[in-house]
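Subject: Structure handover

Hi,

Here is the structure I said I would pass on. Have a look first, then read on for what turned up in it.

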Amino acid sequence: MGRYNDINTNDWQSYSNIWTDSLWLIDRRDNSGAHGGVYHGNFVPQIPYQLLSRYTRKGDWALDPFMGSGTTLIEAQRVGRNSIGIELQKSVVNEAIGRICSENRVGTIANAYVGDSCSVNVAAILEQNGLQQVQFVILHPPYLEYYKVF
Ligand SMILES: C[S@@+](CC[C@H](N)C(=O)[O-])C[C@H]1O[C@@H](n2cnc3c(N)ncnc32)[C@H](O)[C@@H]1O
């Protein structure tokens with residue numbers, strides 16, 4: 001297996017679930033299960049799925065400091081990874097937690113926190129989870145500063 005994933009890189013062509021094309025063309029977003037798909041700017045779930053599958057191993061920890069509707073955390077638990085999400089808006093976090101918890105199939109941990117990722121004490125959050133580090137950070141920051149528009 002790979003050093004950073006559970007893929008046998010000598011046999012990479014046999015993994016039909018791992019996209020090896022340089023361009024990812026996604027016909028249809030995965031709207032299954034806990035994915036609401038309605039939050040503005042939410043990830044197409046296949047993106048965190050591909051990244052987590054390539055760059056983490058089962059049991060690893062992933063951090064998403066712009067968690068939004070929790071797409072990364074849902075995908076993480078689907079592939080047996082633990083995850084931490086941080087999101088500025090409390091109502092968004094509360095809504096996401098309900099959906100994330102509705103499908104924890106493989107006994108992973110997915111913890112969501114309200115906070116400003118620019119200033120939150122990430123080390124303290126990691127410590128609450130018994131961690132000093134995570135294996136992967138996935139960032140999907142906002143596209144613009146809303147206050148400048150409205
Ligand atoms: C592009 S969305 C991420 C969507 C997410 N990947 C999903 O699938 O739902 C960016 C998110 O970052 C949040 N956000 C913006 N500034 C933030 C900050 N300083 N700290 C934490 N979250 C922030 C926004 O509220 C928004 O939910």
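A quick definition before anything else: a residue counts as buried if 20 or more other C-beta atoms lie within 10 Å of its own. Bear in mind, too, that this is a predicted model.

With that cut-off in hand, start at β2 (82-87). This strand is mostly covered, with six of its six residues buried. N82, I84 and I86 point one way from β2, while S83, G85 and E87 point the other way. That fits a general pattern: in a regular strand the side chains alternate between the two faces of the sheet.

What does β2 pair with? It pairs with β1 in the parallel sense, over four bridges, and five bridges join it to β3, again running parallel. If you want landmarks, A62 stands opposite S83 in β2, and the bridge partner of I84 in β3 is N111.

Now the helix α2. Together with β1 and β2, α2 makes a right-handed β-α-β unit. Eight of the eight residues of α2 are buried, so this helix is largely enclosed by the rest of the structure. Those buried residues include L73 and I74, but also E75, Q77 and R78. They pack against α1, β1, β2, α3 and β3. After α2 comes G80, with a positive phi near 75°.

Next, α1 (46-55). Which of its residues are buried? They are P48, Y49 and L52. Seen down the axis of α1, these buried residues fall within an arc of 105°, so they line one face of the helix. The general rule behind this is that an α-helix has 3.6 residues a turn, so residues three or four places apart point the same way. The buried residues of α1 pack against β1, α2 and β4 (136-137).

Finally, the core. The largest nonpolar core has 20 residues, and A62, L73, I100, A112 and V134 are those with the most contacts inside it. At least two residues of this core come from each of α1, β1 (61-64), α2 (71-78), β2, α3 (90-101) and β3 (110-114). I100 is a good place to zoom in: leaving out residues up to four places away in sequence, I100 touches A34, G70, L73, I74, A110 and A112. Two of the names in that list, L73 and A112, also appear among the core residues with the most contacts.

Over to you now, and shout if anything is unclear.

Cheers

Methods: Residues numbered from 1 in each chain as written. Predicted model: local features only at pLDDT ≥ 70, side-chain atom pairs only at ≥ 80, totals over all residues. Core = buried A, V, L, I, M, F, W, Y, C linked by C-beta atoms within 7 Å. Buried ≥ 20, exposed ≤ 12 C-beta atoms within 10 Å, placed from the backbone. Contact = placed C-beta atoms within 7 Å. Pairing = 2+ DSSP bridges. Right-handed = clockwise from strand over helix to strand, strands pointing away. Arc of directions from axis to C-beta.
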